[in-house]
Amino acid sequence: MKMVSKQDLKSILGQIPLTAEAYWYLRQSGKPVTPEFTLDRLEASIPEWRLQVMGSKVYSSGNGSSELPAQRIFIFATLRYWLEHATLLGMAMAGLGHSVSLAYLPYARWQEPIDAFNLRRQNVYTGNVLAKATPLLHVVPLLNQSKASRLPAELQQAVELVSLRDTQYTLQVEQVSPESDLYQLRFQRNLAAVKAAFSYLERHKPDVIILPNGTILEFGVIYQVARHLGIRIVTYEFGEQRDRIWLAQNAEVMHQDTSELWQKRQDQPLSQEQLSQVRKLFAARQRASLWENFARRWQGVPSEGGAQVRQTLGLDQRPIVLLATNVIGDSLTLGRQVFSDSMTEWLERTVHYFATRPDVQLVARIHPGELITRGPSVADVVHKTLPSTPENIHLVPADAQVNTYDLVEIANLGLVYTTTVGMEMAMSRVPVIVIGNTHYRDKGFTLDPTSWDDYFELLTHVLADPGSYRLSQIQVDQAWNYAYRFFFEYPHPFPWHLVNFWKDLEVWPLTRLLSDEGLSQYQQTFRYLVGEPVHW
């Protein structure tokens, strides 16, 4: 007689109603299922947060966020760190007078399968932890919700699109197979999330949905459900600045749409103080040093000057084209096509072009972010496209002791997909051709082709006379103006960064946030998070 394995038994029991839940209550009550999905810190904190909110003057007065009417808010989260952040955000919103539902899915990892038995145990564990936030939060376990039997074609297509992005993001490649195990895993999870969210949100239409990210994973498909149902939605994410948040209303925040901000600000010259601020930031980026609330160094080594980098890379006096890459599959490149199928296709066709132009030197600066990713390198794309790399094409590896700003100093032309280096080249008067739909495209200081024919024709014209395409002083001023707006006005003040969440909470507990001091600093951002139009 064949023995039934423990895993097989879990798979069988996972299909029987209430078995996993009964097992958790009888054998593990109050305990996490796995070490990687432990909510101990959140569980210990919620009662304290609850007391802080309910004891605050703004909550007890019933005035909430003053003139802004109370909103019925739906917040969704999955993965431990987003659950922690969303719980605190929801409780703060409740403290401001709103009615908050917190929906969740109990996944520890988005890229690995979990059997139904353990998933249901994690579900009841998470629900028990979050229940401690009542009555401030109404907890909605999406795993328990009835699922729509049929989906509109638009949402079915959205599941396919987001699952493709998830696979690209996870593997950090752009060409993926829908037949792969990872794609199928993401497709099934996204489909289940859409069916549950669609069914729930059709019956309980909130005034506004607040979502992290809104582009990938279950966040991405629930964003699509909200758009389909016409529910107001706000997406948010965090960049490299502490005490700041990116947010977007009825849009995906990772697209970094700055068009309204720029429309209001482009004709307003910078004050001397503002110009000084952005100059100091730019100088810090060049020096590879930290500056104020920016938590990242942008270079591995300080600037050594253009002459030194010419010598280091063996560059001669032929025109230099600096191609600054993104990390393949990065969330800031996904869905950013203008005319290319992908960033990879653009790289392939571009190096083919320069292989026929020995009169020009192409320097491809590979993004240092590749050092902390697992996907293929841009160098792999180049070597596959050109197994024998011509002498006029130079690859600068991710770990090269070369400062990108030294390359900018000697460049006659820049080529970028979405990287911010393109904006900074324009700030240095270098003409830049922008391929992807990045936030600074079409802002008046870049060259923005809309087709392959436009792109190669533009390349040919610029390389024939690079000096005539150097930016005018008006364009340079516009680039500096835009940089200030992007770095210092586009992000909004916010107390708790995802990366430094628990440390930030020590500085800004809910008692302080809900005080007059906290409200004076952050209340406007919380109003934007519930959909009040942003006042640029």
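In this predicted model, the secondary structure of the protein amounts to 21 helices and 12 strands. Along the principal axes, the C-alpha atoms fill a box of roughly 75 × 70 × 40 Å. The radius of gyration is 25 Å, which agrees with the value near 24 Å that a compact globule of 536 residues would have. The contact pattern helps to fill in this picture: among contacts between residues at least 6 apart in sequence, 76% join residues at least 24 apart.

Turning to the interior, buried residues account for 58% of the 536 residues. In soluble globular proteins, nonpolar side chains tend to be buried together. Here, the largest nonpolar core holds 140 residues, and Trp-49, Trp-496, Phe-526 and Leu-529 are those with the most contacts inside it. Helix α8, spanning residues 181-203, contributes the largest share of this core, with 10 residues. A second core, separate from that one, comprises 32 residues, including Ile-328, Leu-362, Ala-398 and Ile-433.

Leu-529 deserves a brief look of its own. With its neighbours within four places in sequence set aside, Leu-529 is in contact with Leu-89, Met-93, Val-208, Ile-210, Val-234, Tyr-236, Leu-247 and Phe-494.

As for the surface, the protein exposes about 22,900 Å², of which carbon and sulfur atoms supply 51%. The protein carries 50 positive and 55 negative charges, and the mean positions of these two sets are 7 Å apart.

Methods:
Residues are numbered from 1 along each chain as its sequence is written. This is a predicted model: local features need pLDDT of at least 70, side-chain atom pairs count only at pLDDT 80 or more; totals for chains, interfaces and linings use all residues. Side-chain values use heavy atoms; hydrogens and water are left out. A nonpolar core is a set of buried Ala, Val, Leu, Ile, Met, Phe, Trp, Tyr and Cys residues joined through side-chain atoms within 4.5 Å. Buried means under 20% relative accessible area, exposed over 50%, partly exposed in between (1.4 Å probe, protein chains only). Helices (H or I, at least four residues) and strands (E, at least two) are DSSP runs, numbered from the N terminus. Contact means heavy atoms within 4.5 Å. The radius of gyration is taken over C-alpha atoms; the globule rule is 2.2 Å times the number of residues to the power 0.38. Accessible areas come from the Shrake-Rupley method with a 1.4 Å probe; for residues, only the protein chains shown count as cover. Lys and Arg count as positive and Asp and Glu as negative; His and the chain ends are not counted. The place of a charge is taken as NZ of Lys, CZ of Arg, CG of Asp or CD of Glu.
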